[in-house]
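Biologist: Could you teach me how to read a structure like this, one feature at a time? I am new to it, so please give me the general idea before each case.

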Amino acid sequence: MENLIEIKNLHATIDGKEILKGINLTVKPGEVHAIMGPNGSGKSTLSNVLVGHPAYTVTEGEVIYKGKNLLELSAEDRSHEGVFLSFQYPVEIAGVSMTNFMRAAINAKREYLGQEPMSAGDFLKLMREKRALVNLDSKLANRSVNEGFSGGEKKRNEIFQMAMLEPTLSILDETDSGLDIDALRIVAEGVNKLKGPETSTLVITHYQRLLDYIKPDIVHVLYNGRIVKTAGPELALELEERGYDWIKNETL
Amino acid sequence: MNNEQQYIDIFEQHRELIEKPCATLLNEERRKAYSRFKEQGFPALNDEEYRHSDVSKQFAADYGMNLGRVENLTAPYESFTCDVPNLKAHQEFIINDSYLKGIDHKTALPQGVMVGSLNEIAKSNPQLIEPYYNSLAQDGDSIAQFNTTFVQDGIVIYVPKGVIVEDTIQFVTIQSTNIDIMSNRRILVILEERASLNMLVCDHTLSNHKTLSTQITEVFVGDGASMNLYDLEETSESNTRIAQLFVRQQGNSRFNHSNITLTNGFTYNRTQLSMQGEGAESDISGLVINDKHQHTDNRTLVEHKVPRCNSNELYKYILDEESVGVFAGKMLIQPDAQHTNSQQTNRNLCLTKCARMYAQPQLEIYADDVKCSHGSTVGQLDENALFYMQQRGIPIDEARHLLMFAFAGEVIDKIAIEGIRNRLHMLVEKRFRGELSRCNGCSLCHEREQKKTN
């Protein structure tokens, strides 16, 4: 089967400092990949580079997504093409209601795809449906984006947005951080419900915990800007038990 | 320098012409004001109140003045019905500096309410106006004296004791001219005990000639009375607006003011609020949206003279391109004003490196048992929020508009009248999309105008 995304020898810097030092990673449609690794190894940099964060500069390598050169697309066009990032720290946007925010996002995507804007009725119906998926309170949906949301509510709101936008490639950047067990389960169940044979997920996490709920097909270890180990789901369990030091030692 | 001399000469030469059509009361105040103006001249740049706004220079041009009270040849209001959808309004017009007579009002105002030409009412009911006219502005600066020296007409609104005016009084000023012209206007609002009034003042230009207006508004809010005053400036780049608002509040009265600068050239607004009766409450706010070389200076003075009054103040600026914003807000808490509760907030967005904001919040407290706070910030649009929106597919320009709209919304949402609030939300959105600068006139009714011509 054709690859959904192919990352080749990706190097990236922030403020002149090289963080990614040659990432190679291929994800096929329907696969779930977990990316684990110690703090500062470049996990969040990788997700930010893939969605086109302006603070990062790609210095070498390429990313082919659905046959297109992903790095040449603007951040918004990457979104329209189906790349979604669940932020580690979702941003609060005072004064912009969730409804207006989501409507702008949905209609921008529809415009990109050459479709008419969604009718108000259909839009509200869609909001209701998707909200139920992650038990997001209707009150939250009427408030400003993430403003005054608890840590758990913010993460649920990320998955709600993911459900609304129906991405092909979802990147979950430490979606488990700041979640209690119940919230973790709700978020993970939401992600699982959204999974289809054509959609793929990159799960970035420190812990095995989330992977109990979102089962990965392949687990990678990112260390010092490179993927240093790739194996099946059993690798995550091994890391949970042994930590990262043995891998660091192997790489030296 | 010496821009005042030409006006001193004009006054000396045309004194009779100026005074002839005017009520005695206007002329008596005029004489006092003239001697003060002659002594003080225009404010210099080393005057603290004017150091970011060279107001004197604005008067240097050779403006025409309609001292002989030539009737307006065209009454633009006929093609310019400033209707706000879903707003029941009683409309009054001033074309340049002349009160427009003979407007067909669709609805009658409550018994005893008086709305009309300042000069006419000062002649017909001098005893009503006399205690109020110029009583606050006489202590104003030399610009106030200048206005009183040259003013020949304006509008009076009088609401007697206990009367609630349901309809919004919409007062539209239009600069319509085919020469460079100066207009000196006056607004006098008197609310007796427990009276209630909503007022919308729209300032427009229908000309690309240089226009300058001075406008003094004096507002008297009686015991337990309540007033909402909304000022909206939609003029052009060749316009200079110098407006001063003086408010005196009696006990348990309520005064809300929003001053919105949507499009303009050079604007200097002064708001001076004096709380003189216990239990008075005020909420004053302002929104400035500037770009190109537009310049807006807002100065406020909120004076608490007596105990147990609340005041709240919020001014926000969005400055794009090479525009300049100035905000100087002073809260003055006099020794008797114990248990004062007073807040001031000023937030500013500079969208470019060339936009400049001067912010000067000031607190002067002479009482010891008060709760006062002020805060001022200057910043840019939140980069993290912009990226978050882009990641969700919202194009960067749209994301910027959403953030700017949200920023401005806080001021607009203070407007208590739904029709005006909704209209302003729409106008601000259009303004951000650059659609207002194409409109040479009143965009409150612009859509309607377009429909007519189509």
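Modeller: Gladly! Let's begin with a term we need for the strands: a residue is called buried when its relative accessible area is under 20%, exposed when it is over 50%, and partly exposed in between. Keep in mind that this is a predicted model.

Biologist: How many residues of β8(B) are buried?

Modeller: Strand β8(B) is mostly covered, with 10 of its 10 residues buried. You can see this on both faces. One side carries Ser196(B), Asn198(B), Leu200(B), Cys202(B) and His204(B), while the other carries Leu197(B), Met199(B), Val201(B), Asp203(B) and Thr205(B).

Biologist: Which strands does β8(B) pair with?

Modeller: Strands count as paired when at least two bridges are found between them. On one hand, β8(B), residues 196-205, is joined to β10(B) by nine bridges, and the two run parallel. Asp203(B), for example, has Glu233(B) in β10(B) as its bridge partner, and Met199(B) stands opposite Leu229(B) in β10(B). On the other hand, seven bridges join β8(B) to β6(B), residues 168-175, again running parallel. There, Ile174(B) has His204(B) in β8(B) as its bridge partner.

Biologist: What sheet do these strands belong to, and in what order do its strands come?

Modeller: They sit in an open sheet of 10 strands in chain B, with mixed pairing. Reading across, the order is β3-β2-β6-β8-β10-β12-β14-β16-β18-β20.

Biologist: Which strands stand at the edges?

Modeller: Those are β3 (98-99) and β20 (371-379) of chain B. Each has a single partner strand, so one side of each is left without a neighbour in the sheet.

Biologist: Now a helix, please. How do I check the span of α6(A)?

Modeller: First, the general picture: an α-helix has 3.6 residues a turn, so residues three or four places apart point the same way. To check the span, use 1.5 Å a residue: the 15 residues of α6(A), 151-165, should span 21 Å, and the end C-alpha atoms are 22 Å apart, which agrees. Burial adds to the picture: 13 of the 15 residues of α6(A) are buried, so this helix is largely enclosed by the rest of the structure. Following α6(A) comes Glu166(A), whose phi is positive, near 45°.

Biologist: What about empty space inside? How many cavities does a search find?

Modeller: The idea is simple: rolling a probe the size of a water molecule over the atoms shows where empty space is left. Here, a search of the whole structure finds three cavities of 30 Å³ or more. The largest has a volume of about 70 Å³. In chain B, β9 (211-221), β11 (239-249), β12 (254-263) and β13 (266-275) each give two or more residues to its lining. The largest share, four residues, comes from β11(B).

Biologist: What kinds of residues line the largest cavity?

Modeller: Its lining divides into two nonpolar, seven polar and three charged residues. Among them are Gln215(B), Asp231(B), His257(B) and Arg270(B). The second largest cavity holds about 40 Å³ of space, and its lining has four nonpolar, three polar and one charged residue. Met65(B), Phe150(B) and Asn184(B) are among those lining residues.

Biologist: And how many salt bridges are there?

Modeller: Look for a side-chain nitrogen of Lys or Arg within 4 Å of a carboxyl oxygen of Asp or Glu. Over all chains, the search finds 34 salt bridges. In one of them, Lys38(B) meets Glu12(B) at 3.6 Å, N to O. This pair links distant parts of the chain, with Lys38(B) in α2(B) and Glu12(B) in α1(B), 26 residues apart. Lys38(B) is partly exposed at 45% relative accessible area, and Glu12(B) is also partly exposed, at 39%.

Biologist: Where do Lys292(B) and Glu237(B) lie?

Modeller: Their side chains meet in a salt bridge at 3.2 Å, N to O. Lys292(B) lies in the loop between β14 and β15 of chain B and Glu237(B) in the loop between β10 and β11, so the pair ties together parts that are 55 residues apart in sequence.

Biologist: Are Asp297(B) and Arg299(B) buried or exposed?

Modeller: Both are buried, and their side chains form a salt bridge at 3.1 Å, N to O. Asp297(B) and Arg299(B) also belong to a network of salt bridges with Glu49(B), Asp141(B) and Arg270(B).

Definitions and conventions:
Residues are numbered from 1 along each chain as its sequence is written. Chains are lettered from A and ligands numbered from 1 in the order in which they are written. This is a predicted model: local features need pLDDT of at least 70, side-chain atom pairs count only at pLDDT 80 or more; totals for chains, interfaces and linings use all residues. Side-chain values use heavy atoms; hydrogens and water are left out. The expected span of a helix is 1.5 Å times one less than its number of residues. Buried means under 20% relative accessible area, exposed over 50%, partly exposed in between (1.4 Å probe, protein chains only). On a 1 Å grid over the protein atoms alone, a cavity is a set of points where a 1.4 Å probe fits but cannot get out, and a pocket is an open set with protein on both sides within 12 Å along at least five of seven lines; lining residues have an atom within 4 Å of a point. Grid points are joined across faces, edges and corners, and a volume is the space filled by probe spheres set on the points. Ala, Val, Leu, Ile, Met, Phe, Trp, Tyr, Cys and Pro count as nonpolar, Asp, Glu, Lys and Arg as charged, and the others, Gly among them, as polar.
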